[in-house]
Protein chains: 2
Amino acid sequence: MHSEFLLIKRLQKIFSNADSSILCGIGDDCAVYKPHPDKQELLTVDSFVEDVHFKRKWTHARQAGVKALAVNLSDIAAMGGKPRVALVSLTIPQDTDENWVCQFCRGVQSLGKKWGMSIVGGNISRAAQFSSHITVLGEALKNKIKYRKGARVGDVIYVSGPLGLPHLALYCLENNLRVPPHALLAFNSPAPCVKEGLFLGALPQVTSMIDLSDGLLGDLSHVLKASKVGAQIELSKIPVHKDFQADCVKAGLDWRQALLLGGEDYKLLFTVKALGNDLFQKKMNRHSHAFWPVGVVVNASKGLIVLDEEGNNYQGVHGSFDHFNTVHS
Amino acid sequence: MHSEFLLIKRLQKIFSNADSSILCGIGDDCAVYKPHPDKQELLTVDSFVEDVHFKRKWTHARQAGVKALAVNLSDIAAMGGKPRVALVSLTIPQDTDENWVCQFCRGVQSLGKKWGMSIVGGNISRAAQFSSHITVLGEALKNKIKYRKGARVGDVIYVSGPLGLPHLALYCLENNLRVPPHALLAFNSPAPCVKEGLFLGALPQVTSMIDLSDGLLGDLSHVLKASKVGAQIELSKIPVHKDFQADCVKAGLDWRQALLLGGEDYKLLFTVKALGNDLFQKKMNRHSHAFWPVGVVVNASKGLIVLDEEGNNYQGVHGSFDHFNTVHS
C-alpha cells in the first residue's frame, strides 16, 4: 500500500458513474444525491470481513467484491426495492496488494452497474484485517414495500430458488473436499433476486418477505416472530439442485440440515395470501418467474414445524448462523 | 460476546427513535426512510478503527462512540447540511466486553440525538479489531450546499475555531507526557460544527467549505485543487487556545507544525467573497458566530504560501496525515 491518496484516485476511477441524480460523487466531504420525490428510501449496511465472510484462497478478489455488494442488494430486494446508490468503507492491512483492492472494487462496481447503481462515496483506513462495509440506498413506492411482519395464518410460504448449495460449498472448502462446480459457483457468485423482489413488491398478494442469508429456518423464524405466527415447512418441497442430495452424501454432510440451516443462499422467502394464491401463480407464470411453495403459515402456538419426506415431524436441530455462536438455538 | 442476536437486541434498545420520517427502523432487512421532497441528500461514511483512530486507554467507550459519529457530522456540516439518519456497522473481536460496545453505541446515540438524528440500521460482525463504519444521510436545499470547488482569487479564508489542540493531545499521549486538560477535551470530545455549517450554507457570500480533519494545509490544499486556485495563510492569524504555544513548547512539539499539519480539529474552513466580506462579518456578529480570517485566496500559480509572524515565507514541511504514509508530501 503506497498512499491513501493515490489509492483513492484509482478507486475514484473504478467507481466513476454518470447518473443525473448524483449531483456530486466521490471527491468532496459528502456525495450529493437527489432522491426520488415520490418514493421511500430503503437503507441497509452489510460488512464483508476477510477470514470471517470470505477467504482469498477460496474467492477471487473480483468475486469477493461482487459478493460484498450482493449481500446488500439481497436486503433491498427483500423489501421490494430498487438499489440506487452505495457507499463503500474499506479497511486495508498495510501489506495488502493494491491491485487486489482494485479488483475487489471492480467487482463491487460491476454488480452495481448491472442494476444501474452508482458508488457515490467511500472511505479507506488501515486495519489488521481487510473488510468492506457497504451501505446501499434503494427506493420503492410506499405501497410496494414488503416487511417481515405481514404474514397471516393460511398464507403460502414460497422461496425464490434452490437452496443449500453455498453451504455445501463452504463445507467442502472448510474440510478440503472436492467442491461440486455448481456449488462453488453458487457460493462465489450469488445473484441477488432484485428483479424478483421488484416483481413481488408490486403484488398485493404478497404479505411478507425476507432474504435468505442466515439459513431457511433462521430467517423464516424472523418472519414468524415479526408476524406473530407459526409455520409448517415440508422438506420435500424445498427446491434443490438435482445433484444436491447425492453431493451432500458424498461430502458426508446431512443434506436436510444443510438445507434448513445453511446460510448465504441470498434467495427470497415470502408469503402469499391463501385466497390470492391462484392469481399469484398466474402472474408468476405470465412473467416467467419461478417460485416454489415450501409450506404454510399456521397459528403461532404451533411454532415452527418441519415435516420430513414421510410427513412426520423432522426432529433435526433448529438454529441459524450466528457470528458469535456458530449455531444459535 | 455471547450472541449476535442478544447484542443486537440491546443495541436496538439503545438506538430507539421516534421520528415520523422513519417508517421502519432497525429490525427488518432495510430501514425505510421518507426523504424530504424538496431537499438534496448528503451522504458520507467514515470509519473509526481501534488502535488506528483511537485507543481504549486514552478514550472512554462513550467518548469513542461520540467521536466516531462526530467525524461524519463534520462532513455533513462542511457541505452546509443537516444530519438526519445514520447506519452503524461494527466489527467486534470475540473477547470484547458487551458493555463496552453498548457504551460506545450510547455515545453514538447521544450525539445523534443532540442533532435530532436517528440511527436506523446497522450490522455487527466478528473481526480481529473493533471498528465502526458509520454512514450518515443529511439534507440541504440545493442552493445551500457548499462544495470545495467554489473558491475564487481574492476570497477571504476563514476557520471556525481554534486549531491544534487535538494534535497536541495526541502527541502527549503517544509520548507519555502530561496532557493539558483542555487539549485532552478537544481530542476526546470534538464538537462538529453543525450549527455553523447550516449558518454558512445559507450565506451566498460563502464560496467553498471543507472540514478540517487531516490538518489545515492538507484540507486547504483539497479546496485549492478543486477550485484551481492558490492561497496565502498567515500563521499569526490562526486562532489558538491561549496556552497552546506554551503547552507545545513544554511538550517539545513545534507549535507551527502542529497548527498547520495536525489533524482531528473538526472545525470548518471556508472562503468568503472579498466583496461580500463586510456583509458576511455583519451577519456573523448578528448571529453571535465567531470565525477567524486566516488568509486569502491567490492565483493558482502562487501555490500555497504560509507567512510566519514576521511576514516571511514559512519554510516548514508541507504535508497532511495519510493513513498509509504518516506524512504525505
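In the predicted model, Val156(B) has Val272(B) as its bridge partner in strand 10 of chain B. A second such link involves Tyr158(B), whose bridge partner in strand 10 of chain B is Phe270(B). Strand 7 of chain B covers residues 156–159, and strand 10 of chain B covers residues 267–272. The two strands run antiparallel and are joined by four bridges.

Strand 7 of chain B also pairs with strand 11 of chain B, residues 292–298. This pairing is antiparallel and spans four bridges. Here Tyr158(B) stands opposite Pro293(B) in strand 11 of chain B.

These pairings belong to a wider sheet in chain B. Six strands make up this open sheet, in the order 8-10-7-11-9-12, with mixed pairing. Strand 8 (206–212) and strand 12 (304–307) of chain B stand at the edges. Each has a single partner strand, so one side of each is left without a neighbour in the sheet. On average, neighbouring strands of the sheet are turned by 25 degrees against each other, direction ignored.

Strand 7 of chain B is covered on both faces. On one side, Val156(B) and Tyr158(B) are buried. On the other side, Ile157(B) and Val159(B) are buried. Helix 10 of chain B, residues 277–286, lies across strand 7, strand 8 and strand 10 of chain B. The helix runs at about 20 degrees to strand 7 of chain B.

Terms used:
Residues numbered from 1 in each chain as written. Chains lettered and ligands numbered in written order. Predicted model: local features only at pLDDT ≥ 70, side-chain atom pairs only at ≥ 80, totals over all residues. Heavy atoms only, no water. Pairing = 2+ DSSP bridges. Axes fitted to C-alpha atoms, helices over the stretch in contact; angles between N-to-C directions. Contact = heavy atoms within 4.5 Å. Buried < 20%, exposed > 50% of the residue type's maximum accessible area, 1.4 Å probe, protein only.
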